[in-house]
Amino acid sequence: MLLLNSFKSGQNVGLANYITVIGDKDIFLAIQHSIYISALTAFIATSLAFVLAYAVNCTNIHKLLKLIIRIGILIPMLLPTITYGFAIIYSFGKQGLLTHFFGRELFSIYGFNGLLIGYVIYTLPAAFLLIHNSFGYVDKKYIIVSTLMGDNFFRNFINTILRPLIGTLGGAFVISFILSFTDFGIPASVGGTYGVIAGQLYQVMLGSIPNFNSGSAIAMLMLLPAIMGVWFLNYLEKFNFSYDKFTQTDLLKNRFRDICCAIISISTVLVIGMVFLVMFVTPFVNNFPYDMHFTTDFFRRTLFSTPILNVYENSLLIAILTAGLGTLLSYSAAIINARTSMNKRIKMSLDVFAMITNTVPGMVLGLSYLLLFNHSDLKGTFTIIVICNLVHFFTTPYLMAKNSLLKMNQAWEITGLLMGDTWLQTIMRVIVPNSTTTLVEMFCYYFINSMVTISAIIFLVTARTAVVTSKINELQHFASFNEIFVLSILIFATNLCMKTCSEFFNKKRSFTN
């Protein structure tokens with residue numbers, strides 16, 4: 001629908017929309033800005049994420065510091081990206097918390113600087129998780145072997161750490177680039193006059209005179225980085241290799257390495273923490289930054305007001321429905337792929353679908369659903385938002401389930417048949433109970449992402465179906481920053497509670513087993 005709509009121009013069909021879009025100086029400049037800042041963000045985020053993952057996996061720094069790094073770096077994932085910009089404003093702005101701490105404004109936060117800080121904070125957790133996971137499959141025995149062979153630190157590092165992770169580092173770069181290129185939340189708050197493509201799409205679609213055809217053309221152009229990213233990842237696969245076995249090895253002592261990695265890692269986590277600290281300060285003072293006396297009056301009035309409670313209930317409803325149905329959908333798809341003898345083409349189609357949904361930007365997906373269901377009964381309902389979220393976040397839960405199911409004993413179904421159970425009974429009695437930990441993680445992933453998403457649903461919500469993130473986007477036009485931070489704290493507390501409960505459940509189950 002999106003592709004077809006991009007070729008329509010009145011009663012004619014052709015490339016007129018693309019010619020108009022590319023010929024528009026503002027849009028062409030926005031594309032250039034997006035490519036430049038996204039590439040710079042990807043480079044910084046991937047480099048920082050690598051240092052943090054290296055510090056956690058390949059140094060002898062204290063275990064408590066490693067735990068702080070692992071937890072602290074994931075905090076941004078529990079917050080919507082639109083909050084990042086407001087936190088940056090209240091931290092680095094003229095009257096910001098950190099500006100008062102340092103005694104002067106460090107830099108201008110609107111435009112390029114604010115976007116870069118926000119994008120790096122946004123993409124760093126995803127890049128870190130990807131690289132940190134890959135470090136678990138790097139055999140560190142070869143670090144010692146390389147040292148014994150007389151290699152210097154640089155040659156040792158290149159051959160034993162960097163080369164095995166080339167594919168992963170490329171993947172982290174691509175993910176960071178795509179996330180930055182397609183994000184709407186951060187430009188909405190600190191973009192200033194530095195136009196980016198996501199902001200242009202929003203203006204074209206929800207401006208004073210909406211233009212669906214030009215918007216479709218812009219959305220199709222936003223798919224190009226994803227297509228290039230997939231090609232780049234496929235190219236990098238030839239650099240991947242595996243070890244015959246893994247060896248538990250004590251790491252070599254190197255105080256200089258440990259101190260440098262610890263300083264960089266802790267500094268990164270502290271900066272992220274300080275940026276979001278203001279979010280927990282502003283709603284609890286009389287008048288930030290002029291009257292810093294503690295009070296809970298504003299927080300309570302805002303939190304228990306009817307409009308806020310309504311949008312929070314909407315968010316919870318959508319998140320729970322998305323998590324429940326999404327877990328069922330992605331787990332069923334993984335069961336078909338990993339535990340049946342179904343046609344290989346059907347199995348491959350599931351993998352292809354997962355890859356496509358992983359690369360389509362949220363704004364493009366939301367716009368596609370708006371065009372497809374514009375004249376149906378689903379328009380303006382919770383159902384269309386849930387369906388969009390199901391598709392948008394399908395890939396990761398599906399891969400979680402597929403990988404865990406492939407690792408289980410493939411003979412369980414045969415054993416069940418010999419004992420008189422049907423295939424479905426074996427799935428329910430044996431496979432599902434052994435997948436409980438993965439199912440909880442899948443539910444948690446869907447829930448958290450549904451609570452923080454803004455780009456995928458910005459074109460789908462209405463006044464009746466408004467959620468917390470869309471309410472934050474609305475409040476920014478009235479400069480209601482205190483209300484914005486109260487809503488952000490609400491999302492953060494909800495997601496933190498969900499994450500804590502899932503971790504507690506999985507640890508308790510592991511202990512019981």
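**Exercise 1. How many cavities of 30 Å³ or more does the structure have, and which residues line the largest cavity?**

Solution. The structure is a predicted model.

Step 1. The count comes to one cavity of 30 Å³ or more.

Step 2. The space in the largest cavity is about 60 Å³.

Step 3. Its lining consists of Ser315, Ile318, Ala319, Ile385, Asn389, Ser450, Met451, Thr453, Ile457, Val467, Val468 and Thr469.

Step 4. Four helices each supply at least two residues of this lining: α17 (306-338), α20 (382-392), α24 (436-452) and α25 (468-475). Of the contributions to the lining, that of α17 is the greatest, at three residues.

**Exercise 2. Determine how far helix α25 is enclosed, and examine the salt bridge within this helix.**

Solution.

Step 1. Helix α25 has eight residues, and seven of them are buried, so α25 is largely enclosed by the rest of the structure.

Step 2. The buried residues are Val468, Thr469, Ser470, Lys471, Ile472, Asn473 and Leu475. Val468 and Thr469 also belong to the lining of the largest cavity.

Step 3. Lys471 and Glu474 form a salt bridge, with an N to O distance of 3.4 Å. Both residues lie in α25, three residues apart, or about one turn of the helix.

Step 4. The two partners fall into separate accessibility classes: Lys471 is buried at 15% relative accessible area, under the 20% limit, whereas Glu474 is partly exposed at 36%.

**Exercise 3. Describe the salt bridges Arg300–Asp297 and Glu503–Lys499 by distance, spacing and accessibility.**

Solution.

Step 1. A search of the whole structure finds five salt bridges, and these two pairs meet the criterion of a nitrogen to oxygen distance within 4 Å.

Step 2. For Arg300 and Asp297, the closest N and O atoms are 2.6 Å apart. Both residues lie in helix α16 (residues 297-303), three residues apart, about one turn of the helix. Arg300 is partly exposed at 42% relative accessibility, and Asp297 is partly exposed at 38%.

Step 3. For Glu503 and Lys499, the closest N and O atoms are 3.9 Å apart. Because the two residues are four apart in helix α26 (residues 481-512), about one helical turn separates them. Glu503 is partly exposed, with 37% relative accessible area, and Lys499 is partly exposed with 35%.

**Exercise 4. Why are Cys261 and Cys444 not in disulfides?**

Solution.

Step 1. A disulfide is a covalent bond between the sulfur atoms of two cysteines. The cut-off applied is a pair of cysteine sulfur atoms within 2.5 Å.

Step 2. For Cys261, the closest cysteine sulfur is that of Cys260, at 6.9 Å, which is too far for a bond. Cys261 is buried, at 9% relative accessibility.

Step 3. For Cys444, the closest cysteine sulfur is that of Cys501, at 9.1 Å, again too far for a bond. Cys444 is also buried, at 4% relative accessibility.

Step 4. The count of disulfides comes to zero.

**Exercise 5. Which residues closest to the centre line the second largest pocket, and which helix supplies the largest share of the lining?**

Solution.

Step 1. The second largest pocket holds about 350 Å³ of space. Of its 20 lining residues, those closest to the centre are Pro187, Ala188, Ser189, Gly192 and Gln203.

Step 2. Helices α5 (81-92), α11 (185-190) and α12 (197-206) each contribute at least two lining residues to this pocket. The largest share, four residues, comes from α12.

Notes
Residues numbered from 1 in each chain as written. Predicted model: local features only at pLDDT ≥ 70, side-chain atom pairs only at ≥ 80, totals over all residues. Heavy atoms only, no water. Buried < 20%, exposed > 50% of the residue type's maximum accessible area, 1.4 Å probe, protein only. 1 Å grid on protein atoms, 1.4 Å probe; cavity = no way out; pocket = protein on both sides within 12 Å on 5 of 7 lines; lining within 4 Å. Points joined across faces, edges and corners; volume = space filled by probe spheres on them. Salt bridge = Lys/Arg side-chain N within 4 Å of Asp/Glu carboxyl O.
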